[in-house]
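Please open the structure in your viewer, with secondary structure displayed and residue numbers ready for selection. The tour below proceeds by selections, each followed by what is to be found there.

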Amino acid sequence: MMDRIADALRQLQRHRGLVRVGEPRVSGELTQIEVDVAVELPSRSRRYGVSETGVRSVETCILVFDNDWPLSAPKPFLRTDFPLNLPHINPHREGELVSPCLFEGALDELLHRFGLDAIIDQLIDWLHKAAAGALLDLEQGWEPTRRDSCPSTIVFSAEKVASAAPADGSILIVPVSYVTIDDGLYAIINAELSAQVDPVFYQDAHNDKLGKWGNGHTAAFIARAPITDGLHHVIERYQPETVFDLATLLDRAAELGIDHDALARSLDGFYGHSILDMQQDSRGWVHGLYAVVILTVQRPVSLVGSPGRSIEVLPYVVRYELNAQSLLERSATVHPAFHAHALSPELLARTSGIPAATTSQPLVILGCGSVGSKIAMHLGRAGFGSMAFVDNESMSPHNAARHALIERASVLVPPRKAALMKTAFEELSHLQSRAFDADAVSLLVDPAQFSTAVPQDAALIVDATASLKVLAAETQSTALDQSPARLVRIAMYGQGRCVAVLLEGLGRDGRVDDLTAFLFECCRFVPELRASIAGDTSEPTRIFVGDNCRSLTMPMSDAVVSRSASLAGLQLERWLIDGLPKGATLCAGISDAEGLGIAWTRTGLGTTTVLDVADDGGWSIRILHPVAQAIHADALRWGALETGGALVGRISFENRTIIIAGLVDAPPDSVREAARFVLGTDGLVQNLRTANSTSLGYLAFIGTWHSHPKGGAHSGIDRHTLRGIAEDAGGLPAVSLVWTPTGLTCAVDRW
C-alpha cells in the first residue's frame with residue numbers, strides 16, 4: 001500500500017498547482033495527504049486574503065486514499081469551516097470536513113481516464129470558481145441540490161407535484177405506497193394529487209428469504225412557500241443538503257419560505273392518528289413509522305436537466321422510532337431521499353429474439369445494464385443458458401428505456417439487475433443460470449470471488465460494464481491470468497455510432513488494454529472509424545433521471561443500443577458456435593451515413609511483446625504486434641545503418657504500464673549512420689500532434705526507438721538522449737526502445 005501511496009505522493013509533488021504537499025498520515029485502512037492550493041482570488045479580494053464567498057488565498061485540502069488505491073480515486077475534502085452556501089457541495093453535517101462535488105461523473109472514471117493530475121486540476125478549478133462565485137452558471141440552469149448515498153428513493157412526477165403544491169402555502173397530504181428494507185424507504189406516489197386525503201400509516205412486517213422488510217402505505221406532505229400577489233417566493237441562494245432530523249427539516253422549510261409550523265402540525269397529526277388507529281397494533285411496526293415530506297422550491301431559472309421547470313423538488317423521509325412503553329413519545333430521524341421520475345409507457349422498449357442452435361458452454365456476463373442485458377438475452381434466446389450474471393446495481397425506472405427487461409414492481413422493490421436476469425433466464429427454462437450481486441471490480445481482483453462466479457470450463461467472460469475502472473481491474477487481475485476463460489469487452493462510442501468487440505487472445509496474449517489502444521491507433525488511419533467514435537462530442541452527455549446530479553449516461557434510443565448489441569451478440573454467437581479465434585481480435589462496427597446500417601470489420605492483433613523494465617520504480621512495457629513488425633521491417637531495410645523513429649502510446653500510472661501502440665516515421669533530416677542515429681526535427685512535432693489528434697487524444701508521444709544492427713544494450717549516448725526527452729516530458733515517463741537482431745530492449749526515464 002505504501003509503495004502505491006509513495007507513487008501518488010510523487011505525482012502530487014510534481015503538480016505545479018500545489019504549493020505544499022504534506023506527508024502521508026495513515027488512519028486504519030485510509031491514508032490522508034494534506035495539500036495546499038493557491039487560489040486565484042478576484043482582484044477586489046486579494047488585499048484581504050479571502051474572497052467575498054469565504055474562500056482563502058491558500059486553501060488546505062485533504063486527499064483521502066482508500067486501501068484499494070489506485071483502483072479507487074482519492075476523496076477530496078475541504079476544511080471543516082469552509083463556507084457551505086455554495087453549490088456543488090456534497091451533503092454535510094456541521095463539524096465534518098466539507099466534501100466538494102468536483103466532477104459530474106465518478107472520480108474513479110476521471111482517474112482512470114486522465115490520471116491523478118486531472119483530479120487535482122478539478123479541485124483547483126473548483127476552488128477558483130468558488131472564490132469568484134462562479135460555481136453556479138444560471139445561463140446553463142439551476143443545479144439541483146446535491147444528494148449522495150441516500151438510503152431511500154421516492155418515485156413521483158416532479159411536474160405533477162410542482163403543479164399540485166398549494167399556492168396558499170397550506171400542506172397537501174397524499175397517499176404513498178412503500179417498501180422498507182434496512183431503514184431505507186422505496187416509495188411511489190401514484191395518486192393524481194387532486195384531492196386532500198387524511199391517511200393513516202399501515203405496515204405489514206415480513207421475515208423471509210429477502211430478510212426483514214415491511215410494506216404498506218403512508219403519507220406524503222407536499223409544501224411550498226405561498227404565492228403572494230401572483231408572485232412566487234424565489235430562492236436564489238444555493239443551500240447544500242444539511243437535513244438530518246426533524247428540527248433541521250423544519251428549519252430548512254422556514255428558510256424556503258414554507259410554513260414550518262403548519263408542516264409540524266400536519267406531521268404531528270398524522271403520527272397521532274396512526275398510532276391511535278383502532279384497526280391495527282402499532283407495536284407490530286418493527287420498522288418504525290415513516291412519512292414522506294416533499295418541499296418544493298421556486299428557483300430563478302429552469303433546473304439543469306429539466307428545461308421549462310424552475311421548481312425544484314426536495315424529498316425527505318421522516319422515520320419515527322416507536323417506544324412500545326410510551327407511544328406518544330416522538331423521536332424522529334430525517335434523511336434526504338433520491339427523487340426518481342415515475343415509469344411511463346414512453347420509457348418502455350423490447351428487443352426481439354434470435355433463433356440459433358443451442359449450446360451448453362458456460363458464460364459470464366459482467367454488467368447487466370442496457371448492453372449487457374441485451375447481449376445476454378440475445379444469447380439466451382439463441383439457447384446459451386449456462387450463464388452467470390454479475391452486477392451490484394438495482395433497476396431504476398429510466399433503465400426501462402433501453403434495458404432488455406421490464407419490471408413494473410421495480411418502483412416499490414427495486415430488483416437487483418443480476419437477479420432479474422436470472423429470473424428472466426429461468427422463464428426461458430435456463431434453470432442453471434446464476435446471479436451474483438457483486439461488484440465486477442471486486443470479483444476480478446479477489447481470486448476467491450472469481451472462482452465462485454467463473455466456472456473452470458467457462459468459454460467467455462463478457463465485460464459489458466463500459467467502466468474504465470473495470471478495465472483497469474481486468475489488466476491487474478491475476479485470477480484472469482490463471483483462468484482458461486477468454487475475456488471479451490464490449491464498448492459503444494459516439495452516441496452509438498460505433499461498437500467495438502475486443503476479444504483477448506489465448507493466455508491473455510493481447511489484453512483488452514492492448515486492444516483498446518489498437519482501436520485508437522486504427523483511428524489514425526481510418527477516418528470513418530475516427531469520426532464514428534468521436535460522434536458529436538468526446539464526452540458523455542448528462543441525462544438526469546431525477547432531481548439530483550448522480551446519473552451520467554450517453555443519450556441514444558433503444559433502437560440504437562439494440563442495433564449495436566445485436567451485432568455484438570451475433571459475433572459472440574458465431575464465435576461460440578464456430579470456435580473462438582486463437583489470437584486477440586478487434587471487431588468494429590461503424591454506422592453508415594443514414595445512421596441505420598453498420599459496416600462490420602474484424603482484425604487480428606497478433607502477439608504483444610511484453611518487456612518488464614526496472615527503471616523508474618518498474619514498468620511493464622507492452623509493444624503491440626504491428627509496432628514490433630514495423631520496427632523490424634524498418635531495421636532490416638536500413639541494414640547496417642542505425643535507424644529509428646518516434647513512439648506513440650498510452651501510459652497508465654495506476655497500472656504501471658506503458659502500451660506502445662504506434663509509430664511516427666523519422667523526419668527526412670534524420671541522420672542514419674553505422675554507429676549512430678539522430679532523430680530529425682523537420683515536421684516531427686506536427687506529426688506527433690497529428691497522431692495525438694487523429695487518435696482522439698488517446699495516444700501521445702511517449703519516446704523514441706532506434707536500431708543497433710550489431711546488437712548491444714543502451715549506450716551512454718542513448719541514456720543521455722533518453723534523459724533529455726524525459727526532461728522535456730514534464731514529469732511523464734519517457735521510453736527508449738532499441739531493436740537488435742536478437743530482440744527488443746527498453747529503458748524508461750522520468751525527470
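What follows is a walk through a predicted model, from its confidence values to a sheet, a helix, two hairpins and some salt bridges.

**Colouring by confidence**

Begin by colouring the chain by pLDDT, whose mean over the protein is 86, with 90% of the residues reaching 70 or more. Then select residues 343–357, where the pLDDT is below 50 and where the model nevertheless has 33 contacts beyond near neighbours in sequence. A second stretch to select is 538–552, also with pLDDT below 50, which has 50 contacts beyond near neighbours in sequence.

**The eight-stranded sheet**

Next, display the open sheet of eight strands, which can be followed in the order β17-β16-β15-β18-β19-β20-β23-β24 and whose pairing is mixed. Its edges are β17 (434–436) and β24 (598–604), each of which pairs on one side only. If direction is ignored, neighbouring strands of this sheet are turned against each other by 15 degrees on average.

Within the sheet, select β15 (residues 363–366) together with β18 (residues 460–463): the two run parallel and are joined by four bridges. Leu366 is the residue to centre on here, since a view from it shows Asp463 of β18 standing opposite.

Keep these strands on screen and add helix α11 (residues 468–476), which packs on the sheet and touches β15, β18 and β19 (486–493), its direction making about 155 degrees with that of β19. How much of α11 is buried? Seven of its nine residues are, so the helix is largely enclosed by the rest of the structure. The buried residues are Lys469, Val470, Leu471, Ala472, Ala473, Glu474 and Thr475. At the N-terminal end of α11, select Ser467, which caps the helix with a side-chain oxygen lying 3.2 Å from the backbone nitrogen of Lys469.

**Strand β20 and its two partners**

Move on to β20 (residues 498–503), where six of the six residues are buried, so that the strand is largely enclosed by the rest of the structure. Showing the side chains makes both covered faces visible, with Cys498, Ala500 and Leu502 on one side and Val499, Val501 and Leu503 on the other.

One partner of β20 is β19, with which it pairs in the antiparallel sense over six bridges. The two strands form a hairpin with four residues between them, and in the turn Gly494 has a positive phi of about 60 degrees. The other partner to select is β23 (residues 585–591), which runs antiparallel to β20 and is joined to it by six bridges. Leu503 is a convenient residue to centre on, because it is the bridge partner of Val488 and has Thr585 as its own bridge partner in β23.

**Strand β26**

Now select β26 (residues 619–623), in which five of the five residues are buried, so this strand too is largely enclosed by the rest of the structure. Trp619, Ile621 and Ile623 point one way from the strand, and Ser620 and Arg622 point the other way.

Add β25 (residues 609–613), which runs antiparallel to β26 and is joined to it by five bridges; here Val613 has Trp619 as its bridge partner. Five residues lie between the two strands of this hairpin, and Asp616 in the turn has a positive phi of about 55 degrees. Then add β28 (residues 657–665), which runs parallel to β26 with four bridges between them, and in which Thr657 is the bridge partner of Ser620.

**Salt bridges**

To finish, show the charged side chains, among which 27 salt bridges are counted. Select Arg20, Arg25, Glu34 and Asp36, which are linked in a network of salt bridges. Within that group, the closest N and O atoms of Glu34 and Arg25 are 3.9 Å apart.

Turn then to Asp81 and Arg56, a salt bridge whose closest N and O atoms are 3.3 Å apart. Asp81 lies in the loop between β5 (75–77) and α2 (107–114) and Arg56 in the loop between β3 (30–38) and β4 (58–65), so the pair ties together parts that are 25 residues apart in sequence. Asp81 is partly exposed, with a relative accessible area of 47%, and Arg56 is partly exposed as well, at 37%.

The last selection is Arg79 with Glu59, whose salt bridge has its closest N and O atoms 2.8 Å apart. Arg79 belongs to the loop between β5 and α2 and Glu59 to strand β4, 20 residues apart. Are these two residues buried or exposed? Both Arg79 and Glu59 are buried.

Notes. Residues are numbered from 1 along each chain as its sequence is written. This is a predicted model: local features need pLDDT of at least 70, side-chain atom pairs count only at pLDDT 80 or more; totals for chains, interfaces and linings use all residues. Side-chain values use heavy atoms; hydrogens and water are left out. Buried means under 20% relative accessible area, exposed over 50%, partly exposed in between (1.4 Å probe, protein chains only). Two strands pair if DSSP finds at least two bridges between them. Axes are lines fitted to C-alpha atoms, for helices over the stretch in contact, and angles run from 0 to 180 degrees between N-to-C directions. Contact means heavy atoms within 4.5 Å. pLDDT is the predictor's confidence in each residue, from 0 to 100. A polar contact is a pair of N or O atoms within 3.5 Å; within protein, one must be able to donate a hydrogen and the other to accept it, and residues adjacent in sequence count only if both atoms are side-chain atoms. A salt bridge is a side-chain nitrogen of Lys or Arg within 4 Å of a carboxyl oxygen of Asp or Glu.
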